[in-house]
Amino acid sequence: MKKVIIFLLIIVGLFSALFFINKAQNEEKAEGNPYGKETLHPETVKQLEDPNYQNIITPDDLDKIIKNGEDATVYFYSPTCPHCVRTTPVLAPLAKEMNVNMLQFNLLEYENGWNDYGIESTPTLVQYKDGKEVNRIVGYQEEPTFEEWLNENSLK
């Protein structure tokens with residue numbers, strides 16, 4: 001019986017060590033991140049170096065844009081959303097190619113965004129004009145659909 005207890009303690013110790021090592025690695029990778037947070041969800045950490053996720057906006061910055069009555073195109077997504085994982089590689093390069101400054105709002109890191117901006121599902125692309133929402137498109141779409149939407153909403 002003592003051998004079983006010792007074996008279990010060793011296993012628990014190993015898992016604990018792996019947990020703390022993984023946590024320390026994620027904190028190191030998250031250092032100086034655009035989210036302004038000390039710790040990030042592991043799925044967000046995986047996207048830090050991805051060129052498709054480099055125009056991150058914080059809730060404070062988005063609130064300033066809206067309050068100041070500015071125009072903005074905002075892509076609300078979650079790194080754990082399979083539809084977002086499919087959409088971003090289509091939408092981010094398209095927006096860049098069309099010279100649309102598409103701001104990216106990570107709902108996994110800023111969960112209040114669901115309620116604050118009326119987001120019901122991801123991905124959601126919202127156009128603000130004069131600080132007010134004028135249009136949105138929800139869910140995965142093919143590139144021509146996004147291109148048409150961006151032409152109609154972001155380039156006017």
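Which strand does strand E1 (residues 72-77) pair with in the antiparallel sense over five bridges? The partner is E3, and the views below start from there. This is a predicted model, in which local features need pLDDT of at least 70 and side-chain atom pairs count only at pLDDT 80 or more, while totals for chains, interfaces and linings use all residues. Residues are numbered from 1 along each chain as its sequence is written, and side-chain values use heavy atoms, with hydrogens and water left out.

**View 1. Four strands make an open sheet with mixed pairing.** The strand order is E2-E1-E3-E4. Helices (H or I, at least four residues) and strands (E, at least two) are DSSP runs, numbered from the N terminus, and two strands pair if DSSP finds at least two bridges between them. Strand E2 (102-106) and strand E4 (132-138) each have a single partner strand and stand at the edges, so one side of each lacks a neighbour in the sheet. On average, neighbouring strands are turned by 25° against each other, direction ignored. Axes here are lines fitted to C-alpha atoms, for helices over the stretch in contact, and angles run from 0 to 180 degrees between N-to-C directions.

**View 2. Strand E1 is covered on both faces.** Ala72, Val74 and Phe76 lie on one side and Thr73, Tyr75 and Tyr77 on the other, and all are buried. Buried means under 20% relative accessible area, exposed over 50%, and partly exposed in between (1.4 Å probe, protein chains only). In a regular strand the side chains alternate between the two faces of the sheet. Thr73 is a good place to look for both partners: its bridge partner in E3 is Gln127, and in E2 it is Met102. E1 and E2 run parallel and are joined by five bridges. Further along the pairing with E3, Ala72 has Tyr128 as its bridge partner.

**View 3. Strand E3 (residues 124-129) meets E4 in the antiparallel sense.** Six bridges hold this pairing, and one of the matches is Gln127 with Asn135 in E4. E3 is mostly covered, with five of its six residues buried. The hairpin of E3 and E4 has two residues between the strands. Asp130, in the loop between E3 and E4, has a positive phi near 55° although it is a residue other than glycine. With a relative accessibility of 59%, Asp130 counts as exposed.

**View 4. Tyr35 and Tyr110 form a tilted aromatic pair.** The structure holds seven aromatic pairs. Rings of Phe, Tyr and Trp (its six-membered ring) pair if their centres lie within 6.5 Å; planes under 30 degrees apart count as stacked, over 60 as edge-to-face and the rest as tilted. The ring centres of Tyr35 and Tyr110 are 6.0 Å apart and their planes stand at 40°, so this pair is tilted. The pair links distant parts of the chain, 75 residues apart: Tyr35 is in the loop between helix H1 (2-30) and helix H2 (42-47), and Tyr110 is in the loop between E2 and helix H5 (113-116). Both Tyr35 and Tyr110 are buried. They belong to one aromatic cluster with Phe76, Phe105 and Tyr117.

**View 5. Tyr75 and Tyr77 form a stacked pair.** Their rings are 5.5 Å apart, centre to centre, with 10° between the planes. Tyr75 is buried at a relative accessible area of 1%, and Tyr77 counts as buried at 0%.

**View 6. Two loops hold local backbone features to look for.** The peptide bond from Thr122 to Pro123 is cis, with omega near -5°. Pro123 is placed in the loop between H5 and E3. In the loop between H4 and E2 you will find Asn99, which has a positive phi of about 60° although it is not a glycine. Asn99 counts as exposed, at 69% relative accessibility.
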